[in-house]
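Take a look at the sequence and the 3D structure below, and keep both open while you read. We'll go through some rings, a core and a pocket.

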Amino acid sequence: MSGLVNVLVIVAVIALVVVRQCSARQISGDRRWWVLPGVLLVMALREPGLVDRHHETLSVVVLGAELVVGLVTGAAWGWTARLWRAEDGSLWSKGTKATVYVWTGGLVLRVALYAVAAALGVHQGSPALMMALAVTLLVRGGVLVRRASEISASYGVPADRAPFRQAWKDRV
């Protein structure tokens, strides 16, 4: 895939995620929360240019730092989202002001990493950004599922079925 297509995919995913985060969304039991991050990760790994061949060690260090920023941002994003149970028993999620701060902080750190990499002569292409975004979304989804399971367990729903009990009822 060309760099332009990668950039368009990244922008589309970020737009989708931001729009979804700004509105209240029901946490369903479809267990597909990992699909979008998985697709992004596969796309990033398939692309050449994940590591700068002229500065391999520095490139790997910068990529590692980018992935750590993605892990921290994803975890903080998942923990700052507001979760609540509706009257019908369904679980809902919505981003908060703290979520906006987490996104902003993650963005600032990523820009700083790219600036440091550029100053050192390390080229980072869109696959590195795509991989970091995939890690962020994967960790965020995992944290939300974990939190939803804990909330459901505190309401008497067995943890192994939370938050999926309502989704099962909807299907039956």
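Trp 77 is buried, with a relative accessible area of just 1%. Here "buried" means under 20% relative accessible area, "exposed" means over 50%, and "partly exposed" is in between (1.4 Å probe, protein chains only). You'll find Trp 77 in helix H3. This is a predicted model, where local features need pLDDT of at least 70, side-chain atom pairs count only at pLDDT 80 or more, and totals for chains, interfaces and linings use all residues. Residues are numbered from 1 along each chain as its sequence is written, and side-chain values use heavy atoms, with hydrogens and water left out.

So which residue forms an aromatic pair with Trp 77? The structure holds one aromatic pair. Its members are Trp 77 and Trp 103, set edge-to-face at 5.0 Å centre to centre with 70° between the planes. For the rules: rings of Phe, Tyr and Trp (its six-membered ring) pair if their centres lie within 6.5 Å, and planes under 30 degrees apart count as stacked, over 60 as edge-to-face and the rest as tilted. The pair links distant parts of the chain, since Trp 77 belongs to helix H3 (residues 56-80) and Trp 103 to helix H4, 26 residues apart. Unlike its buried partner, Trp 103 is partly exposed, at 23% relative accessible area.

Trp 77 also has a charge over its ring: the charged end of Arg 140 sits there, 4.8 Å from the ring centre. Arg 82 does this with Trp 84, its charged end being 4.2 Å from that ring's centre. A charge sits over a ring if NZ of Lys or CZ of Arg is within 6 Å of the ring centre and within 35 degrees of the ring normal.

Now zoom out. The chain has six helices and three strands, in the order α-β-α-α-β-β-α-α-α along the sequence. Both kinds of element are DSSP runs numbered from the N terminus: helices are H or I with at least four residues, strands are E with at least two. Of the 172 residues in the chain, 38% are buried.

In soluble globular proteins, nonpolar side chains tend to be buried together. The largest nonpolar core here has 16 residues, and Val 13, Leu 40, Met 130, Leu 133 and Leu 137 have the most contacts inside it. H1, helix H2 (35-46), H3 and H5 each give two or more residues to this core, with H5 giving the most, six. Such a core is a set of buried Ala, Val, Leu, Ile, Met, Phe, Trp, Tyr and Cys residues joined through side-chain atoms within 4.5 Å.

Some residues that sit far apart in sequence can be compared by their C-alpha atoms.

| Residues | Apart along the chain | C-alpha to C-alpha |
|---|---|---|
| Trp 77 and Leu 137 | 60 residues | 9.1 Å |
| Val 42 and Ala 134 | 92 residues | 9.3 Å |
| Arg 110 and Ala 65 | 45 residues | 9.1 Å |

Val 42 is in helix H2 and is partly exposed, at 48%. Arg 110 is in helix H4 and is buried, at 12%.

Finally, which residues lie nearest the centre of the second largest pocket? They are Ile 14, Val 18, Trp 103, Leu 107 and Arg 110, out of 17 lining residues. Helices H1 (3-22), H4 (97-119) and H5 (126-154) each supply at least two residues of the lining, and H4 has the largest share, seven. The lining divides into 10 nonpolar, five polar and two charged residues. Ala, Val, Leu, Ile, Met, Phe, Trp, Tyr, Cys and Pro count as nonpolar, Asp, Glu, Lys and Arg as charged, and the others, Gly among them, as polar. A pocket is an open set of points on a 1 Å grid over the protein atoms alone, where a 1.4 Å probe fits, with protein on both sides within 12 Å along at least five of seven lines; lining residues have an atom within 4 Å of a point.
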